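User: I have a structure to read and I am new to this. Can you take me through the ligand site and the inner spaces, step by step?

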Amino acid sequence: MALPLRSLTPAPPDPILGLSESFKADTRPEKVNLSVGVYVNDSGVTPVIPSVLEAERRLLEKAGSKGYLPIDGRPGFKAAVRDLIFGAEHEIVTSGRSATAQTPGGTGALRVAADFLLQAGASKTIWLSEPTWPNHPQLFTLAGFVLRTYPYLDESGRQVDLHKMLGALRSAVPGDVVLLHGSCHNPSGVDPDQETWAAIGEIVVERELLPVVDFAYQGFGFGLREDADWLAGLARPGLEFLVCSSYSKNFALYNERVGALTIVAADPSRAASALSHLKIAIRANYSNPPAHGGDIVETILMDPTLRAQWEVDLAVMRNRILGNRAALVDALVAAEVPGMWEPIRRQRGMFALLGLSAAQVARLRDEFGVYVVGKGRINVAGLTPANLPHVVASVKAVIEG
Ligand code: LMR
């Protein structure tokens, strides 16, 4: 029996990770990889941050065990990341109306969130921002959701178009799922302010929507609590939602695959019941999570000295990205590259959307060896003093045609 392939045509490469493969195969010395969202320092290296190095040293010294973790992960990890997401004093924490499961990365959290929701009888319709992370549509489609989109950016591509966003969400049916980017919107870097989050919270209540917050970049924008503005919009009595968090970026633990799915319910008993169903989705997917990355995160968050070191490590990464934003804007303006660049300076997180056509993106790669994702999403962290002049000259060339 042959494999049940519908077509012998190979599937297209992944729109983000596939670019890294092409980049590796590219032999041009001037090539620049601004595609996948991975932090690098000025030498182009993704460092193991000092707090992680120390946590790993401590873990090695402990007599560990490679036994299975519980289906929903290590209790200490779950409590530590819950407090990180909401703040230990937040009502969601003190009331006990949330339940967290440790997952393999933020993507693992999204996938088990999708399975849990469909298995629990949620609406099969999910609303995604347009644009969104290219993996969202295929992840939710393959899990069994039907996709709808809400417009997110205005014509300039530099700010949220609240009017259009709310207009689209007004046509959602009660129970529909809405995916919101908690901070550092991927791909645009454009985040709602607190007032806008309040309006989003209103529409969620009015239309009885079920939010899933993709929170992959806490601390990469303006700070750990500053990046949780979404919470003020959604933390309302009785409003239930899910949070998919990732520790790939803020702990630089990309290949350890560490994340969490947190269910916020109306009361503690609903949270506990939801967790029992979530455990079925996890058991059927990957049984139980990998331990090492979660152990590192737990070790850091539970030790005051390591925690303080980690906050410094995080600030180093955040400030370098903010510095890169300023350097990019200054260079684009100085080179008189046509476009509206100034707002990029105050956007949040790893990404900026240059607003390029598919042909311009292809030309950047083929002619200049500059790898960016569709519509011109760049990983701002990938800019260095050495590659910035080439990137800016290449962007100018493709924009001016
Ligand atoms: C990205 O958007 O580049 C990152 O979230 C990495 C990934 O898995 O796509």
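Analyst: Start with a term. A cavity is a set of grid points where a 1.4 Å probe fits but cannot get out. Keep in mind that this model is predicted.

User: How many cavities of 30 Å³ or more does the structure hold?

Analyst: It holds one. About 30 Å³ of space lies in the largest cavity.

User: Which residues line the largest cavity?

Analyst: The lining is made of Tyr150, Tyr152, Met165, Leu180, His181, His185, Pro192 and Trp197. Six of these lining residues are nonpolar, two are polar and none is charged.

User: Now the ligand. Where does the ligand sit?

Analyst: A pocket, unlike a cavity, is an open set of points. Here the ligand sits in the largest pocket.

User: Which residues are around the ligand?

Analyst: The shell consists of Ile16, Val36, Gly37, Trp133, Asn186, Tyr217, Lys249, Phe351 and Arg377. Sorted by type, the shell has five nonpolar, two polar and two charged residues.

User: Why does the ligand lie between domain 1 and domain 2?

Analyst: Look at who supplies the shell. Domain 1 (17-48 + 315-400) and domain 2 (68-302) both give residues to it, so the ligand lies between them.

User: What polar contacts reach the ligand's oxygen atoms?

Analyst: Look for N or O pairs within 3.5 Å. A backbone N or O atom of Gly37 lies 2.7 Å from a ligand oxygen. For Asn186, a side-chain N or O atom is 3.0 Å from an oxygen of the ligand. Lys249 places a polar side-chain atom 3.2 Å from a ligand oxygen. On its own, the ligand has 260 Å² of accessible area, and the protein covers 82% of that.

How values were computed
Residues numbered from 1 in each chain as written. Predicted model: local features only at pLDDT ≥ 70, side-chain atom pairs only at ≥ 80, totals over all residues. Heavy atoms only, no water. Near = heavy atom within 4 Å. Polar contact = N/O pair within 3.5 Å; in protein donor to acceptor, adjacent residues only side chain to side chain. Areas by Shrake-Rupley, 256 points an atom, 1.4 Å probe, with all protein chains shown as cover. 1 Å grid on protein atoms, 1.4 Å probe; cavity = no way out; pocket = protein on both sides within 12 Å on 5 of 7 lines; lining within 4 Å. Sits in = over half its atoms within 2 Å of the grid points. Nonpolar A, V, L, I, M, F, W, Y, C, P; charged D, E, K, R; others polar. Domains from an automatic or database assignment. Points joined across faces, edges and corners; volume = space filled by probe spheres on them.
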